[in-house]
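Here is a brief report on one protein chain. Please keep the model open while reading.

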Amino acid sequence: MARGSTAQRGTVLVLGGSSGIGAATVRRLAVDGVPVLFTHRTGEDRAQELCAQLGAAVRTVHCDVRDPASLAAAFEAAGEELGGVVHCAGAWTYTRLADLTLEELDDAWALNGRSVLLTLQHAGRLLPEGGAVVVVSSVAAELAPARQASYVMTKAAAEAAVRVGAKELGRQGIRVVAVRPGATDTPQLRAGTSEKAIEAMAGAPALRRLGDPDDLAGVIAFLLGPDARWVTGTIVEATGGLR
Ligand SMILES: NC(=O)c1ccc[n+]([C@@H]2O[C@H](COP(=O)([O-])OP(=O)(O)OC[C@H]3O[C@@H](n4cnc5c(N)ncnc54)[C@H](OP(=O)(O)O)[C@@H]3O)[C@@H](O)[C@H]2O)c1
């Protein structure tokens with residue numbers, strides 16, 4: 001049997017698999033022998049490169065999770081063999097409350113909040129018994145840092161949806177779990193955060209470094225797989241020990 005095998009449960013759809021934590025998860029699942037369909041939005045070239053590296057069992061499709069029709073199409077593309085879902089698409093801004101616009105708030109909601117609820121609806125419709133959904137949240141949902149109101153609020157909403165979803169989908173034998181990364185060394189972190197702030201983030205956890213995307217991929221693969229069969233409706237912190 002493949003390492004950490006989730007293979008017996010069909011294709012895993014990774015929403016937001018073209019970069020960072022999502023891309024590491026795609027790689028990890030492929031190494032474990034799991035067929036993967038992952039989505040890209042702006043990163044088609046990166047996505048195609050990942051497919052070329054990982055072989056025929058890994059496919060990619062365009063999706064903007066803010067658009068309900070586009071999200072539904074990604075689920076359709078996964079086909080009848082769907083066995084698991086990872087919702088990893090997400091983004092934050094550093095905006096003070098006073099400067100937060102309605103457009104920015106609505107965008108954060110559509111991306112980090114609403115799309116998680118819609119994902120749970122699709123999962124309930126399409127996943128078989130034994131299937132699992134892993135939603136990538138953030139420790140920010142708990143720590144509530146300044147200048148991240150829209151992110152904190154929408155990630156907290158996603159976690160609330162996970163807890164309700166676990167109860168409703170549990171009747172069908174489907175598990176729903178959230179993962180909370182801390183600061184993780186991804187293109188998004190490097191693009192939007194100052195070097196000084198990144199240094200401070202790296203010094204904060206008990207293990208005194210930034211998370212690596214592979215650190216999260218391992219946790220996500222475990223939560224999707226059979227050894228996590230009794231884990232649902234919970235929020236798993238994977239931060240290197242932030243508190
Ligand atoms: N990095 C951290 O420190 C950290 C900490 C806590 C939580 N997280 C969470 O971890 C998840 C992944 O973040 P990351 O740091 O790995 O970021 P990343 O490197 O920027 O990757 C984000 C992924 O989401 C996709 N995406 C973004 N907007 C999308 C949209 N509207 N529709 C569909 N896909 C979209 C991107 O696709 P394209 O690249 O193709 O556009 C990419 O595949 C996010 O939910 C984030 O909130 C990250």
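Helices here are DSSP runs of H or I with at least four residues, numbered from the N terminus. By that count, T25 lies in helix 1, residues 20–31. The model is a predicted one.

## Overall build

The protein has nine helices and seven strands. Its C-alpha trace spans about 45 × 35 × 35 Å along the principal axes. The radius of gyration is 17 Å. A compact globule of 243 residues would have a value near 18 Å, so the protein agrees with that expectation.

Contacts reach far along the chain. Among contacts with a separation of 6 or more, 71% join residues 24 or more positions apart.

## Surface and charge

How much of the protein counts as buried? The share is 47% of the 243 residues. The exposed area is about 11500 Å². Carbon and sulfur atoms supply 54% of that area.

The protein carries 24 positive and 26 negative charges. The mean positions of the two sets are 6 Å apart.

## Nonpolar cores

In soluble globular proteins, nonpolar side chains tend to be buried together. The largest nonpolar core in this model has 28 residues. L15 and V133 have the most contacts inside this core. Several elements give it two or more residues each. The strands are strand 1 (11–15), strand 4 (82–87), strand 5 (132–136) and strand 6 (175–181). The helices are helix 3 (68–78), helix 4 (102–126) and helix 6 (149–170). Another core, of 27 residues, lies apart from it. Its members include V12, V34, A221 and L224.

What does V133 touch, beyond residues up to four places away in sequence? Its partners are V85, T119, L120, A123, L127, R175, V176 and V177.

## Helices 1 and 2

T25 sits in helix 1. T25 has a relative accessible area of 0%, so it is buried. Setting aside residues up to four places away, T25 touches V86, A217 and I220.

L54 belongs to helix 2, which covers residues 44–54. Its relative accessible area is 26%. That value falls between the 20% limit for buried and the 50% limit for exposed, so L54 is partly exposed. Beyond its neighbours within four places in sequence, L54 is in contact with V26, R27 and A30. L54 and V36 are 18 residues apart in sequence. Their C-alpha atoms are 9.9 Å apart in space.

## Helices 4 and 6

Is N112 buried or exposed? N112 is found in helix 4. Its relative accessibility is 2%, so N112 counts as buried. Not counting residues up to four places away, N112 touches A89, G90, A91, Y151, T154, K155 and A158. N112 and V231 are 119 residues apart in sequence. From C-alpha to C-alpha, the two are 23 Å apart in space.

V152 has its place in helix 6. Buried means under 20% relative accessible area, and V152 has 15%, so V152 counts as buried. Outside its neighbours within four places in sequence, V152 is in contact with A140, A141, A144 and P145. V152 and E142 are ten residues apart in sequence. The C-alpha distance between V152 and E142 is 7.7 Å.

## Positive phi in two loops

Where does R147 lie? R147 is in the loop between helix 5 (140–143) and helix 6. R147 is not a glycine, yet it has a positive phi of about 70°. With a relative accessible area of 38%, R147 is partly exposed.

R208 has its place in the loop between helix 8 (195–203) and helix 9 (213–224). R208 is not a glycine either, and its phi is positive, at about 55°. Its relative accessible area is 58%. Exposed means over 50%, so R208 is exposed.

Conventions. Residues are numbered from 1 along each chain as its sequence is written. This is a predicted model: local features need pLDDT of at least 70, side-chain atom pairs count only at pLDDT 80 or more; totals for chains, interfaces and linings use all residues. Side-chain values use heavy atoms; hydrogens and water are left out. The radius of gyration is taken over C-alpha atoms; the globule rule is 2.2 Å times the number of residues to the power 0.38. Buried means under 20% relative accessible area, exposed over 50%, partly exposed in between (1.4 Å probe, protein chains only). Contact means heavy atoms within 4.5 Å. Accessible areas come from the Shrake-Rupley method with a 1.4 Å probe; for residues, only the protein chains shown count as cover. Lys and Arg count as positive and Asp and Glu as negative; His and the chain ends are not counted. The place of a charge is taken as NZ of Lys, CZ of Arg, CG of Asp or CD of Glu. A nonpolar core is a set of buried Ala, Val, Leu, Ile, Met, Phe, Trp, Tyr and Cys residues joined through side-chain atoms within 4.5 Å.
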